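Here's a quick tour of a few spots worth a look on this chain. Have the viewer open and follow along.

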Amino acid sequence: MPAIILFDGECNFCDASVQFIIKRDPKGYFQFAAQQSEIGEELKRQYAIPEAMDSLVVVDQHKVYNSSDAALHITKHLSGLWGFLYVLKLVPKRLRDIVYKFVAKNRYAWFGKKDSCSIPSPEIRNRFL
């Protein structure tokens, strides 16, 4: 099973984050699904992810990562120097998640919200579920 990133398909910041990941994931380690999509809903049910989860979620090797753990798990698989951010795993999760949740709570106010999910370009469409 490929590693799957569940993201908020209506969030401009989340969409920009997905594009950022795609550019730095040349091996195609990650696939993507909007949490609002049919497959996103199915994965949330399958892995008992709360409906009200206000976080990016990664499902990798049947393990679920959310909040700062998800973000750091992603960095570990990106090209370039991004993998070095994984050292932030040494910071206690409680502190990391305070920062993560602050950004998550304000993402719509800071970056806006879409009326619907974006349609990926043909070049990357196969990475979206």
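Start at the surface of this predicted model. A nonpolar patch there is formed by Trp82, Leu85, Val87, Leu88, Leu90, Val91, Leu95 and Ile98. Put together, these residues have about 740 Å² of accessible area.

Pick out Val91 from that group. You'll find Val91 in the loop between helix 3 (67-75) and helix 4 (93-111). Is Val91 buried, partly exposed or exposed? Its relative accessibility is 31%, so Val91 counts as partly exposed.

Now go back along the chain to helix 3, which is mostly covered, with eight of its nine residues buried. Those eight are Ser67, Ser68, Asp69, Ala70, Leu72, His73, Ile74 and Thr75. And what does the covering? The elements include strand 1 (3-7), helix 1 (12-23), strand 2 (30-34), strand 3, strand 4 (63-66) and helix 4.

Strand 3 (residues 57-60) is also where Asp60 sits. Asp60 is a buried residue without a salt bridge. Which side chains are worth checking around Asp60? Here are two, with their distances:

| Side chain | Relation to Asp60 | Distance |
|---|---|---|
| Tyr29 | polar contact, side chain to side chain | 2.7 Å |
| Lys76 | nearest side chain of opposite charge, no salt bridge | 6.7 Å |

Looking past its neighbours within four places in sequence, Asp60 is in contact with Ala3, Tyr29, Tyr65, His73 and His77. Tyr29 you've just met as the polar contact, and His73 is among the buried residues of helix 3.

Note on methods:
Residues are numbered from 1 along each chain as its sequence is written. This is a predicted model: local features need pLDDT of at least 70, side-chain atom pairs count only at pLDDT 80 or more; totals for chains, interfaces and linings use all residues. Side-chain values use heavy atoms; hydrogens and water are left out. Patches are made of residues with over 30% relative accessible area and no salt bridge: like charges are joined within 9 Å, nonpolar side chains (Val, Leu, Ile, Met, Phe, Trp, Tyr) within 5 Å. Accessible areas come from the Shrake-Rupley method with a 1.4 Å probe; for residues, only the protein chains shown count as cover. A salt bridge is a side-chain nitrogen of Lys or Arg within 4 Å of a carboxyl oxygen of Asp or Glu. Helices (H or I, at least four residues) and strands (E, at least two) are DSSP runs, numbered from the N terminus. Buried means under 20% relative accessible area, exposed over 50%, partly exposed in between (1.4 Å probe, protein chains only). Lys and Arg count as positive and Asp and Glu as negative; His and the chain ends are not counted. A polar contact is a pair of N or O atoms within 3.5 Å; within protein, one must be able to donate a hydrogen and the other to accept it, and residues adjacent in sequence count only if both atoms are side-chain atoms. Contact means heavy atoms within 4.5 Å.
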